[in-house]
Amino acid sequence: MASLEQTRQLVTEIPGPRSLELNKRRASAVSHGVGISLPVFVARAGGGIVEDVDGNRLIDLGSGIAVTTIGNSAPRVVDAVREQVAEFTHTCFMVTPYESYVAVAEELNRITPGSGEKRSVLFNSGAEAVENSIKIARSYTRKPAVAAFDHAYHGRTNMTMALTAKSMPYKSGFGPFAPEIYRAPMSYPYRDGLLDKDLATDGELAAARAISVLDKQIGAANLAAVIIEPIQGEGGFIVPAEGFLPALVDWCHQNNVVFIADEVQSGFARTGAMFACEHEGPNGLQPDLICTAKGIAGGLPLSGVTGRAEIMDAPHVSGLGGTFGGNPVACAAALASIETIENDGLIERAQQIERLIFDVLLRMQAGDDRIGDVRGRGAMIAVELVKSGTSDPDAELTNKLATAAGAAGVIVLTCGMFGNVIRLLPPLTISDELLTEGLEVLRLLLADL
């Protein structure tokens, strides 16, 4: 958005008077079950800037939780959406289909990891994609059980809450949950290394630990699917040790278990590859099914499940679908988003962002023992904060830093099972200058704290 100046500017305290007034309206109109990270109301956004209703311009290091990867209101998306809205807004693909749904499916089949014939199906949210991937896997294998991992986050529906590891705020008080969900240990190099150096560096060893749990607690004969985020999102941007994911895939394929990659947060150029699976092993990881959402459609609600044709075709006709799934406006946005990523070099841009962020954060870590770990890929980087002189998670410091950053005009998000991880998800359209300034604000604030 050329008209939105790409500089940080604070004209009021954060939140300003108009945001405070809107917060009062929110409190009386919106369920208190909906939390917000930063109490500013947005007027405009584009590039690396979010402008609030009081005229404050904030540096965006969150991208609406990895959604506006190609920038807010990206020009191709705006044009495609305007054109589609004027033609028709909805017919329901299951009633009278339209070409853009098919075109998005063709693009997903083309760009997702894995060779061979593929199929796709479209939904609205990441949780819907995950939920349907489980339905597809069960239909294909005729087995009931599903395994997820420690620290996992897969959504807020009943099934995906069951798959999600963290109780507060996602699960607490909302049970009972879907049955036949089991959990295996994740490869978490930083925390594993505190107990066993080999476990931290040897992904195959970490996979053997997980497979032992799968074998003993469930048994391959009962297991329909293993679902995992190649880089965990809400769980703390955990990048498993090299060799962990390929060993899991091999075990799944030997045992007729569907391997599902949840790339809802890590997909669409976020990690410096189109999908995070591509980083694993010499030829990349080839999941049986892959779930996508967030960055898929430039900010519009859309998600998908893509995978091997014989698995995707297993459910009976009309077993998959949904009224709004693959909405034509969202499909137009998705086609424009994929074009933007590929034509504007945004995969390479994510790699540049990774180098810039790591350069700053590793220098910070060298001088501050409260930075326990710096990890991630592309424009999906995390800082794990601990109490000085220990490896104990410091959630209080993390929350103070995120709050102080917001007040200083920098949007950052927290995550992690222990609430002690700052996650950085800048839009790939952010300038080096804005990104550097945002990181410098974080550095100074952490030093003050």
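Helices, meaning DSSP runs of H or I with at least four residues, and strands, meaning DSSP runs of E with at least two, are numbered from the N terminus. The legends below describe a predicted model.

**View 1. The whole protein, with 15 helices and 15 strands.** The C-alpha trace spans about 60 × 60 × 45 Å along its principal axes. A compact globule with 449 residues would have a radius of gyration near 22 Å, and the protein, with 21 Å, agrees with this. Of the 449 residues, 56% are buried, and among contacts with a separation of 6 or more, 73% are made by residues that lie 24 or more positions apart. The protein exposes about 18,400 Å², of which carbon and sulfur atoms supply 52%.

**View 2. An open sheet of 7 strands with mixed pairing.** The strands follow the order S4-S10-S9-S8-S7-S5-S6. Strand S4 (118–123) and strand S6 (181–184) stand at the edges and have a single partner strand each, so that one side of each is left without a neighbour in the sheet. From one strand to the next, the twist averages 20°.

**View 3. The pairing of S4 with strand S10.** S4 and S10, the latter formed by residues 303–308, run antiparallel and are joined by 6 bridges. Within this pair, Val 121 stands opposite Val 305, which belongs to S10.

**View 4. The cis peptide bond between Ile 14 and Pro 15.** Omega is about -5° at this bond, and Pro 15 is placed in the segment that comes before helix H1 (17–29).

**View 5. The cis peptide bond between Gly 175 and Pro 176.** Here omega is about 5°, and Pro 176 is found in the loop that runs between helix H6 (158–163) and S6, the latter being one of the strands at the edges of the sheet in View 2.

**View 6. Arg 142, a residue with positive phi.** Although Arg 142 is not a glycine, its phi is positive, at about 60°. The residue is placed in the loop between helix H5 (126–141) and strand S5 (145–149). Arg 142 counts as exposed because its relative accessibility is 69%, and the cut-off for exposed is over 50%.

**View 7. His 151, a residue with positive phi.** His 151 is not a glycine either, yet it has a positive phi of about 75°, and it lies in the loop between S5 and H6. With a relative accessibility of 13%, His 151 counts as buried, since buried means under 20%.

How values were computed
Residues are numbered from 1 along each chain as its sequence is written. This is a predicted model: local features need pLDDT of at least 70, side-chain atom pairs count only at pLDDT 80 or more; totals for chains, interfaces and linings use all residues. Side-chain values use heavy atoms; hydrogens and water are left out. Two strands pair if DSSP finds at least two bridges between them. Axes are lines fitted to C-alpha atoms, for helices over the stretch in contact, and angles run from 0 to 180 degrees between N-to-C directions. Buried means under 20% relative accessible area, exposed over 50%, partly exposed in between (1.4 Å probe, protein chains only). The radius of gyration is taken over C-alpha atoms; the globule rule is 2.2 Å times the number of residues to the power 0.38. Contact means heavy atoms within 4.5 Å. Accessible areas come from the Shrake-Rupley method with a 1.4 Å probe; for residues, only the protein chains shown count as cover.
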